[in-house]
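Here are a few exercises to work through with the model open in your viewer. Try each task before reading its solution.

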Amino acid sequence: MSAQEIDAAGLSVRNLNKRFGGLTVASDLNVDLPPGSRTALIGPNGAGKTTFAGLVTGILPPSSGTIMLDGEDITRLSAARRVKRGIVRTFQITTLLKAMTPREHIRLAILERRNLGWRMFSGASDFRDVESEAASILEQLILREDADRRVDRLPYGKQRLVEIAIALALRPRILLLDEPAAGVPSGESGVIIDAIRTLPEDLAVLIIEHDMDLVFSFAKRIVVLVSGAILTEGEPGEIAADPRVRALYLGEEAHG
Amino acid sequence: MDLSSLKSRLVVDLGLLAASIAMFFVLPDQLGFATRVITTVLFVLSLDLVLGYAGIPTLGHAAIFGIGAYAAGLYALHVSSEPLSGLLVAGIAGAVIAFLTGLLLLRVNKLTLVMISIAMAQIALEIANQASGLTGGADGLGGFELGPVLGLFAFDFYGYTAYGYALAVTWLLFLVMRRLMASPFGISCQGVREQPRRMEALGVSVYWRLVAIYTIAGSIAGVAGGLATQTTQFVSLEVLGFTVSAEALIMLIIGGTGRLYGAIIGTILFMSAHDIAAGIAPANWLFVIGALVIVVVLVTPRGLLSILPWGSR
Amino acid sequence: MQLLLSILIDGVAYGMILFMIAVGLSVTMGLMRVVNLAHSVFAMAAGFTAHWLISRFGLSFEFSALIAILVAMAIAWPLDLLLFRRIYGMDDLEQVLLTIGLVFIAIATATVLFGTEVRAVKLPAYLTGSLDIGVRVLPFHRLVVIVAGIVIAFLLWCLVEKTRFGIHLRAAVDNEGTAASLGINTSRTYSYAFLLGAALAALGGILGAELLPIEANYPLRYLVLILLVVAVGGMGSIAGSLVAALLLGIIDTAGRYFVPELGTIMFYAATIVILAVKPNGLFGRKVS
């Protein structure tokens, strides 16, 4: 790969703006998510973190600015198409299908990834390679025991794991984790942290989080978002020492 | 007994099959009624696909049924009295209408969808009414005879052939639908109903998935309409009425959505009750149905299938 | 020219009736997100009551109308208390079904009480005359309906913009959660809105008895009409109901005059076109 190609690899957001009527929820955002990066997006509530996720994944069209994937402009690309290109997210509030099992969820994700979602005359579980891939993901995320139980009967921490499993099944290149540990009792969050640690190396991961322990143990780069704009960004050490950031989180330490 | 296991499904299937075949011998004078029940079952099954599985809240499904009914009638009258090709025509008519209307219908939010579906059905009714030269208007379309099924089974006066024909077609399509809903496509449609955002996040183009299942269900509704016309050798404006859509909805909800069997049971129960009560007094029947629906919704919102011990998933 | 004037008058009058009946439904659907297919029952109940009081007891039109409206509200109140509060949280489908059940019960009851024929609501003498303005003879009834519609629209506007109830109403339509957290008693707001809607529907039913004849099948026959006015206007919007009702009323009347072979198809086609372009209705908000 030429130097230029290497530069362009991964996701790039340039001058991204989003306005709702008179309200600006994202202003002049510039973010790079190269392959292998581990970035955390932090900021107070209402700062626009989830809006950012929506803009990147294509659910929200930007008011102006561009989004590039590997040098290609994908600003106009639909959300479903972006998933096919490898931009995957997990949801802050679990959006699982209540009556389905983890295995069924992962199977569904793999089937869709492989464009088998239009097959009408085979049974959903008839594809042997799909099944074995699902099994290995379940294994990887230590969900094997609960693989065939309805997700609404699983503890919340396991449900969040299923979200991550689904994301992995889609073979992402850019992964957005929206508060993966949110709402998970501290006893169960260890599994999630482990799962995040063992994500593929060449994956670009952006994690939106409030849990500072998780952020500092995971991220190699931190972006601080306040009122829709980037306050500052840098390595964890720099951010931790930055007085503006500390002021922001004074009083929020109870959460971390 | 749990309907998602193969063994119990086999038992229920065989039971239903046996019961329906037994009709030939046990209640031969009720075959006309039984045939109507079966064509309605097919219609309600197609509604289950749309509503129960895909979550598309349409109150205009009767329009597609009616168009299939008229298509089969006109085909028999003007083109050929061969029944199977007539069914094919009805199915295609249903699919085409469903596809075209689905393109619009599936773009709007659910509440608007309900409204537009009602409007579309009314338009169909009005058009059929106005085009009375073609459709016979309020008098209906009749005077056509159907040739023997597969060249072998002629439609007889007692209704044996009609019943067997309707039963065979419906049974076949039921198996097809079951296969369909267990396929990757079918599963994805259920996902779209429950969590459209999640499905989109899996790379699914929700809109086209819904258009597809709506079209498929439309073709089945068309076939149901065609079957109704062929087995009664008559079609009139009622097939397009709002009451048909409303009653189908009630039958489906009573039986339980999203499992296909609910459509079957709900239809059988509703139509049997109607048949018994209609003899007593039509106005009271409406009252009973209204009260029944309210009770069902308040007490067992998931339909009868969910309170029976063998209905849960 | 004369024809156009006729169409305008008839269309606007028709639209005003639709507005009166539909506005209550639009507000409650916008507020409670409840699909209430039984709304026209109030119009029918009032129509039948007025008919009965006038023809059976010889009471005056005005008095009968008043009683009839109160009767409609008396039916609405327990319905709200016992039924609608409970179905508020239910699935769309279940609400549709439940209200269909109500429609069926209402039709059955009306059939038992009044048979299946159309029942006329006899208008008082001063409403049956007409006004000769030279160009055309305008029936008083239509004029009164139009004036009544304008007055009601104005009063509703005052209610919504100027009174505290109106503020509560708008807040609750906009965002129920926020309204509740601001201390607004949303369920009481709903109940008042529901009763008001029923009263207006009742009035529309009585005044509109010439245009929408009172019969046992009334709720079903005009169900589609009213629902579509609500959809086209945008749920929760009073202005929307007015505009949609007038628009559709005029289109329908014009259609009947100019292309009678198409019957009411113009009306339905127009609604589909409008909804295709603006799925949330002319004045509606995006339903989340």
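## Exercise 1: A strand and its two faces

This is a predicted model. Task: find which way the side chains of strand 7 of chain A point, and say whether they are buried or exposed.

Solution. Start with one face: A:I174, A:L176 and A:D178 point one way from strand 7 of chain A. Then turn to the other face, where A:L175 and A:L177 point the other way. Next, check burial with the cut-off of 20 or more other C-beta atoms within 10 Å. Both sets of residues turn out to be buried. Five of the five residues in strand 7 (residues 174-178) of chain A are buried, so this strand is largely enclosed by the rest of the structure.

## Exercise 2: The neighbours of the strand

Task: work out how many bridges join strand 7 of chain A to strand 8 of chain A, and whether the two run parallel or antiparallel.

Solution. Strand 7 and strand 8 (residues 204-208) of chain A are joined by five bridges and run parallel. As a landmark in this pairing, look for A:I174, which stands opposite A:A204 in strand 8 of chain A. Now trace the connection: the chain leaves strand 7 of chain A, passes through helix 7 (residues 189-197) and arrives at strand 8, making a right-handed β-α-β crossover.

Strand 7 of chain A also pairs with strand 6 (residues 87-90) of chain A, by four bridges and again in parallel. Here A:V88 has A:L175 of strand 7 as its bridge partner.

## Exercise 3: The whole of chain A

Task: decide why chain A can be called as compact as a globular protein of its length.

Solution. First take stock of the elements: chain A has 10 helices and 10 strands. Its radius of gyration is 19 Å, close to the 18 Å from the globule rule for 256 residues, so chain A is as compact as a globular protein of that length. For the outline, the C-alpha atoms fill a box of roughly 55 × 40 × 40 Å along the principal axes. Of the 256 residues, 44% count as buried. Finally, consider contacts between residues at least 6 apart in sequence: 67% of them join residues at least 24 apart.

## Exercise 4: Where the chains touch

Task: find how many residues each chain gives to the contact, and which element of chain A gives the most.

Solution. Chain A supplies 23 residues and chain B supplies 20 residues. On the chain A side, helix 3 (79-84) and helix 4 (102-113) are the elements that give two or more residues. Helix 4 of chain A gives the most, with five residues. Sorted by character, the chain A side comprises 14 nonpolar, four polar and five charged residues.

Key: Residues numbered from 1 in each chain as written. Chains lettered and ligands numbered in written order. Predicted model: local features only at pLDDT ≥ 70, side-chain atom pairs only at ≥ 80, totals over all residues. Contact = placed C-beta atoms within 7 Å. Nonpolar A, V, L, I, M, F, W, Y, C, P; charged D, E, K, R; others polar. Rg over C-alpha atoms; globule rule 2.2 N^0.38 Å. Buried ≥ 20, exposed ≤ 12 C-beta atoms within 10 Å, placed from the backbone. Pairing = 2+ DSSP bridges. Right-handed = clockwise from strand over helix to strand, strands pointing away.
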